[in-house]
Amino acid sequence: MENVFKAEPKHADFSWASIGDIKEGRENLGEDMPVLVYRLLQYSMNHVLVTEMGQEQADHVFRAAGELVGHEYARNALDLTLGMDPFLAQLQASLRSLRIGILRMEMLDDRDGSFVLTVGEDLDCSGLPITNEVVCVYDEGFIAGIFEEYTGKPYKVREVDCWASGARVCRFKGVQGG
Ligand SMILES: [Zn+2]
């Protein structure tokens, strides 16, 4: 007999499994689609969120979503048992193969866990009009989520250079702690 008290999975409950079986569902169209489509979703969503709740709250939403994905991605797509150097090599290869961007670690302090990394050809912003803003808040959360999952410690990641701020790569600084 079915247990009526067992919680059914809901569409709003995000996990790696929420993505579903893309291969099966898109037999003819396949698993890839243009970056244009990703950005249309992302930047229309950003516009609506900023309009309805203001920049700060909208950034919070994108950052929180990125962090959620960072955790799920790290748990499901990365080997978290590796030491730091092979872990970073794996992360770099994975981000490249998913065509998210080209990762370079510029600085990593193994005493306090802080880092500076760049993402070239970033999925979110490369080629955007220059507005003198850093816009990759989703990536801030995504990178924090990955490092949180790997180290087991909270991270705060902020973008300091962005294509939209006039740089050619996105540069992120990460520090341990809330
Ligand atoms: Zn950026």
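**Exercise 1. The contact of α2 with α3**

Task: Which residues of α2 meet which residues of α3 in this predicted model, and how do they divide into nonpolar, polar and charged?

Solution.
Step 1. Take the α2 side. Gln42, Met45, Asn46, Leu49, Val50 and Met53 make the contact there.
Step 2. Take the α3 side. Their partners are Gln55, Gln57, Ala58, Val61 and Phe62.
Step 3. Sort the residues of this contact. Seven are nonpolar, four are polar and none is charged.

**Exercise 2. The geometry of α2 and α3**

Task: At what angle do the axes of α2 and α3 cross, and which word describes the pair?

Solution.
Step 1. Know what to look for. Two packed helices are described by the angle between their axes and the distance between the axes.
Step 2. Locate the helices. α2 covers residues 35–53, and α3 covers residues 55–77.
Step 3. Read the distance. The two axes come within 7 Å.
Step 4. Read the angle. The axes cross at roughly 135 degrees.
Step 5. Choose the word. Angles over 145 degrees count as roughly antiparallel, and 65 to 115 as roughly perpendicular. The angle of α2 and α3 is roughly 135 degrees. The helices are therefore oblique to each other.
Step 6. Add the hand. α2 and α3 cross in a right-handed way.

**Exercise 3. α3 against α5**

Task: How do α3 and α5 cross, and which residues make the contact?

Solution.
Step 1. Locate α5. This helix spans residues 137–151.
Step 2. Read the geometry. The axes of α3 and α5 come within 6 Å and cross at roughly 35 degrees. The crossing is right-handed.
Step 3. List some contact residues. On α3 they include Asp59, Phe62, Arg63, Gly66, Gly70 and Tyr73. On α5 they include Val137, Tyr138, Gly141, Phe142, Gly145 and Ile146.
Step 4. Sort the residues of this contact. Nine are nonpolar, five are polar and seven are charged.
Step 5. Set the two contacts side by side. Charged residues number seven between α3 and α5, while the contact of α2 with α3 has no charged residues. Phe62 of α3 takes part in the contact with α2 and in the contact with α5.

**Exercise 4. The whole chain**

Task: How many helices and strands does the chain have, and in what order do the elements run?

Solution.
Step 1. Count. The chain has five helices and four strands.
Step 2. Walk from the N terminus. The order is α-α-α-α-β-β-α-β-β.
Step 3. Check the compactness. The radius of gyration is 17 Å, close to the 16 Å from the globule rule for 178 residues, so the chain is as compact as a globular protein of that length.
Step 4. Add the box. The C-alpha atoms fill roughly 55 × 40 × 35 Å along the principal axes.
Step 5. Look inside. Buried residues make up 34% of the 178.

**Exercise 5. Three loop residues**

Task: Are Arg99, Glu121 and Arg168 buried or exposed?

Solution.
Step 1. Recall the cut-off. Exposed means over 50% relative accessible area.
Step 2. Take Arg99. This residue lies in the loop between α4 (84–97) and β1 (102–108). Its relative accessibility is 57%, so Arg99 counts as exposed. Its phi is positive, near 60 degrees, although Arg99 is not a glycine.
Step 3. Take Glu121. The loop between β2 (115–120) and α5 holds this residue. Its value is 60%, so Glu121 counts as exposed. Phi is positive here too, at about 55 degrees.
Step 4. Take Arg168. Its loop joins β3 (155–161) and β4 (169–176). At 62%, Arg168 counts as exposed.

Definitions and conventions. Residues are numbered from 1 along each chain as its sequence is written. This is a predicted model: local features need pLDDT of at least 70, side-chain atom pairs count only at pLDDT 80 or more; totals for chains, interfaces and linings use all residues. Side-chain values use heavy atoms; hydrogens and water are left out. Axes are lines fitted to C-alpha atoms, for helices over the stretch in contact, and angles run from 0 to 180 degrees between N-to-C directions. Helices (H or I, at least four residues) and strands (E, at least two) are DSSP runs, numbered from the N terminus. Angles under 35 degrees count as roughly parallel, over 145 as roughly antiparallel, 65 to 115 as roughly perpendicular and the rest as oblique. A crossing is left-handed if the near helix is turned anticlockwise from the far one by less than a right angle, and right-handed if clockwise. Contact means heavy atoms within 4.5 Å. Ala, Val, Leu, Ile, Met, Phe, Trp, Tyr, Cys and Pro count as nonpolar, Asp, Glu, Lys and Arg as charged, and the others, Gly among them, as polar. The radius of gyration is taken over C-alpha atoms; the globule rule is 2.2 Å times the number of residues to the power 0.38. Buried means under 20% relative accessible area, exposed over 50%, partly exposed in between (1.4 Å probe, protein chains only).
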